[in-house]
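Here is a friendly walk through the model in front of you. Keep the viewer open as you read.

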Amino acid sequence: MRSFSNLWYWIMLAVMWSSASHWVLGVPFDVISRARRKGGDLQDDLEVLVRINTGRMLDIARTAGVWLVAFLCFILSALLMLAIWYEIEFAQALLFLLVPMCILSLMSLRTARMIEAGENAGTALHRRLVRHRISTQALGMVSIFVTSMFGMYVNLNIGVLG
């Protein structure tokens, strides 16, 4: 259960943030950039994709949001107890994956609400999606940095021989 010295953990962390920054509200970023450059039917496709994905996201948040937050708080509280009180490295590693993704989910909900409120077409939509992608990348950079610092601390504390 040594997580921070396992190569697969770091590969999973990189793939998770790479995927999160590529899929902006469920829409691939290449669709966004092509719609910005060419417009026309590509812009219509982008607007439809964003409308479908934001509608799904907001519907889930409105119908099951309270239960999802309660379940997530339970899981994070259990992991936090295992990570801090019992010092289980696997729980610490999971927290470093889940907490930033929870923050990203909140950022995505906020962006979806802004798009639903009126930024759902043209350059306003492009600007909102690009801004969301940049904030996702910034969150990912901070998350990877903090995770790597803590992982190095854990690895140096345990030592070579365990």
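Cys73 counts as partly exposed, with a relative accessibility of 44%; on this scale buried means under 20% relative accessible area, exposed over 50%, and partly exposed in between, using a 1.4 Å probe and protein chains only. How many disulfides does the structure hold? There are 0 disulfides, a disulfide being a pair of cysteine sulfur atoms within 2.5 Å. The closest cysteine sulfur to that of Cys73 belongs to Cys102, and at 8.4 Å it is too far for a bond. Cys102 is likewise in no disulfide, its nearest cysteine sulfur being that of Cys73. Cys102 is buried, at 18% relative accessible area.

A word on the source: this is a predicted model, in which local features need pLDDT of at least 70 and side-chain atom pairs count only at pLDDT 80 or more, while totals for chains, interfaces and linings use all residues. Residues are numbered from 1 along each chain as its sequence is written, and side-chain values use heavy atoms, with hydrogens and water left out.

**Overall layout**

The protein chain has 5 helices and 2 strands; these are DSSP runs numbered from the N terminus, with helices (H or I) of at least four residues and strands (E) of at least two. Read from the N terminus, the order of elements is α-β-β-α-α-α-α. Along the principal axes, the C-alpha atoms fill a box of roughly 60 × 35 × 20 Å. Of the 162 residues in the protein chain, 34% count as buried.

**Helices H4 and H5**

Helix H4 (residues 89-117) packs with helix H5 (residues 122-158) at an angle of about 170°, and their axes are 11 Å apart. Here axes are lines fitted to C-alpha atoms, for helices over the stretch in contact, and angles run from 0 to 180 degrees between N-to-C directions. That angle makes H4 roughly antiparallel to H5, since angles over 145 degrees count as roughly antiparallel, under 35 as roughly parallel, 65 to 115 as roughly perpendicular and the rest as oblique. The residues of this contact divide into 14 nonpolar, 8 polar and 2 charged. In this count Ala, Val, Leu, Ile, Met, Phe, Trp, Tyr, Cys and Pro are nonpolar, Asp, Glu, Lys and Arg are charged, and the others, Gly among them, are polar.

The lengths of both helices can be checked against an expected span, which is 1.5 Å times one less than the number of residues. H4 has 29 residues and reaches 43 Å from its first C-alpha to its last, close to the expected 42 Å. H5, with 37 residues, reaches 54 Å, close to the expected 54 Å.

**Positive phi values**

Most residues other than glycine have a negative phi. The table lists residues that have a positive phi in this model.

| Residue | Place | Phi |
|---|---|---|
| Leu25 | loop between strand S1 (23-24) and strand S2 (27-28) | about 55° |
| Glu87 | loop between H3 and H4 | about 55° |
| Gly118 | follows H4 | near 150° |
| Gly159 | follows H5 | near 90° |

Are the two residues that are not glycines buried or exposed? Leu25 is buried, with a relative accessible area of 4%, whereas Glu87 is exposed at 63%.

**The largest nonpolar core**

A nonpolar core is a set of buried Ala, Val, Leu, Ile, Met, Phe, Trp, Tyr and Cys residues joined through side-chain atoms within 4.5 Å. The largest one has 13 residues, of which Val27, Ile32, Leu46, Val50, Ile115, Leu125 and Leu129 touch the most other members. Helix H2 (29-38), helix H3 (41-84) and H5 each supply at least two residues of this core. The largest share, 4 residues, comes from H2.

**Some separations to try in the viewer**

Gly65 is found in helix H3 and is buried, with a relative accessible area of 14%. Gly65 and Ile32 are 33 residues apart in sequence and 28 Å apart in space, C-alpha to C-alpha. Val146 sits in helix H5 and is partly exposed at 40% relative accessibility. The C-alpha atoms of Val146 and Ala14 are separated by 13 Å, with their positions 132 residues apart along the chain. Ala124 also lies in helix H5 and is partly exposed, at 24% relative accessible area. From Ala124 to Asp30 the C-alpha atoms are 17 Å apart in space, and the two residues are 94 apart in sequence.
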